[in-house]
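User: Please take a close look at how the inside of this protein is packed, and at any empty space enclosed there. I am new to this structure, so explain each term as you go.

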Amino acid sequence: MDSLKMDTRTSNDQMPYKEEKMSKGLKRSLLVLNCALLALGNVGGPLIMRLYFLKGGKGVWTSSCLETAGWPFMVMPLTFSYLYRRRKEGPATELFFIKPPLFLVSAVVGLLTGVDDFLYAYGVARLPVSTSALIISTQLAFTAAFAFLLVKQKFTSFTINSVFLLTVGAVVLALHTSSDRPANESNRQYYLGFFMTLAASMLYGFVLPAIELTYKKAKQTITYSLVMEMQMVMSFSATVFCTIGMLFHKEFEAIPREASKFELGQSTYYLVILLSAILWQFFFMGAVGVIFSGSSLLSGIIIAALLPVTESLAVLFFHEKFQVEKAISVVLSLWGSLSYFYGELQKNKKNQASERAMA
């Protein structure tokens, strides 16, 4: 893949940068793969994290650490990529693409991700999944705003309509959040969880366009292998930040005690931890992969569009309430998603017509 020719890409007619040149079919396949990873992580991650807290887990720093602790899984695809390039290019093949400036930027973005992980884990510990999911869906509005400011994202009428509908869907759900307060939880804890989750939504709404800006400002060719290397550095940096939090709060010592008292059994406890690390790594790899194959705004759209799925599974598995407001939000989310993808379809048809006219 990385031995293919490179070209200069201009995203949104701004800030040209070098990107790996590949066929439309290959790029579409990468986009589909990363959308699938993002979908699995975005739906499964919150559910498995909430299961941890509902069945006896109490480590907020532990949960936040698990969101990026799956970074070693990135070694496998990176190894395959290196072996493929080595077979094509010979013994002189570089082991890593990432250069020191890009490594440093990735580490800083990783620290921001670590902060976001803690804010989000704190919210999930205090709120039902359906409530935390609706708050996180506001991330789309923050992503759109920061994408406009940082990467000069252009908006079509379909994009604006999609952002509006998905944001309204979240607001409709927010009208009924007070009835979702778990038993034996104070108003202070509930609202603190609410605002911590909102802060996580805002911060990650900044991180997605920041990653896209990093691609544009990088003084080296952006390949998919480089994207994976950057994600591994970001995840490692975030994990170090959260591990320090675990050490400071002595949560490593609490893991054996939690496992022995976990309602679903000790072996299930460790399985939940493993699945959490894997699913969240799917989420983060899918998110940066969608940015590489599409845009940060598309990544935000997908995250928001999956809200109805997360809502439905939370109701099914955790028996959370499904009020009329949630049903309205599902309809608005689906409408907003269809609006975005219909707009992209129309734009692609227009671009193809222009290419044929110029040929």
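Analyst: The largest nonpolar core of this predicted model has 81 residues, and those with the most contacts inside it are Tyr204, Ile211, Tyr215 and Met285. A nonpolar core is here a set of buried Ala, Val, Leu, Ile, Met, Phe, Trp, Tyr and Cys residues joined through side-chain atoms within 4.5 Å, where buried means under 20% relative accessible area, exposed over 50% and partly exposed in between, with a 1.4 Å probe and protein chains only. Helix 11 provides the largest share of this core, 14 residues; helices (H or I, at least four residues) and strands (E, at least two) are DSSP runs numbered from the N terminus. Residues are numbered from 1 along each chain as its sequence is written. Because the model is predicted, local features need pLDDT of at least 70 and side-chain atom pairs count only at pLDDT 80 or more, while totals for chains, interfaces and linings use all residues, and side-chain values use heavy atoms, with hydrogens and water left out.

Met285, one of the residues with the most contacts inside the core, touches Asn34, Leu37, Met74, Tyr224, Val227, Met228 and Gln231, leaving aside residues up to four places away in sequence; contact means heavy atoms within 4.5 Å. There is also a second, separate core of five residues, including Leu127, Leu134, Ile135 and Tyr190. For the chain as a whole, which has 14 helices and two strands, 53% of the 359 residues count as buried. Among contacts with a separation of 6 or more, 82% are between residues 24 or more positions apart.

The interior also encloses empty space, since a search of the whole structure finds four cavities of 30 Å³ or more. A cavity is a set of points on a 1 Å grid over the protein atoms alone where a 1.4 Å probe fits but cannot get out, and its lining residues have an atom within 4 Å of a point; the volume is the space filled by probe spheres set on the points, which are joined across faces, edges and corners. The largest cavity has a volume of about 260 Å³ and is lined by 20 residues, of which Asn42, Tyr120, Ile136, Phe283 and Ile303 lie nearest its centre. Two or more lining residues come from each of helix 1 (24-54), helix 4 (100-126), helix 5 (129-136), helix 8 (187-217), helix 11 (266-293) and helix 13 (307-318), and helix 5 gives the most, with four residues. By class, this lining divides into 12 nonpolar, five polar and three charged residues, with Ala, Val, Leu, Ile, Met, Phe, Trp, Tyr, Cys and Pro counted as nonpolar, Asp, Glu, Lys and Arg as charged, and the others, Gly among them, as polar.

The second largest cavity, with a volume of about 50 Å³, is lined by Thr68, Thr113, Tyr204, Val207, Ile211, Gln231, Met234, Ser235, Phe284 and Val288. Helix 8, helix 9 (224-248) and helix 11 are the elements that give two or more residues to this lining, which has six nonpolar, four polar and no charged residues. Tyr204 and Ile211 thus appear in this lining and among the residues with the most contacts inside the largest core.

Several single residues add detail to this picture. Ser201 has its place in helix 8 and is buried, with a relative accessible area of 0%; beyond residues up to four places away in sequence, Ser201 touches Asp116, Ile135, Ile136, Thr138, Gln139 and Phe142. Of these contacts, Ile135 belongs to the second core, whereas Ile136 is one of the residues nearest the centre of the largest cavity. Glu311, which sits in helix 13, counts as buried at 1% relative accessibility. Val115, in helix 4, counts as partly exposed at 32% relative accessibility, and touches Leu203 and Phe241 when residues up to four places away in sequence are not counted.

Turning to the cysteines, the whole structure has zero disulfides, a disulfide being a pair of cysteine sulfur atoms within 2.5 Å. Cys242 is in no disulfide, and the nearest cysteine sulfur, that of Cys65, is 5.7 Å away. Cys242 is buried, with a relative accessible area of 0%, whereas Cys35 is partly exposed, with a relative accessible area of 23%.

Notes. On a 1 Å grid over the protein atoms alone, a cavity is a set of points where a 1.4 Å probe fits but cannot get out, and a pocket is an open set with protein on both sides within 12 Å along at least five of seven lines; lining residues have an atom within 4 Å of a point.
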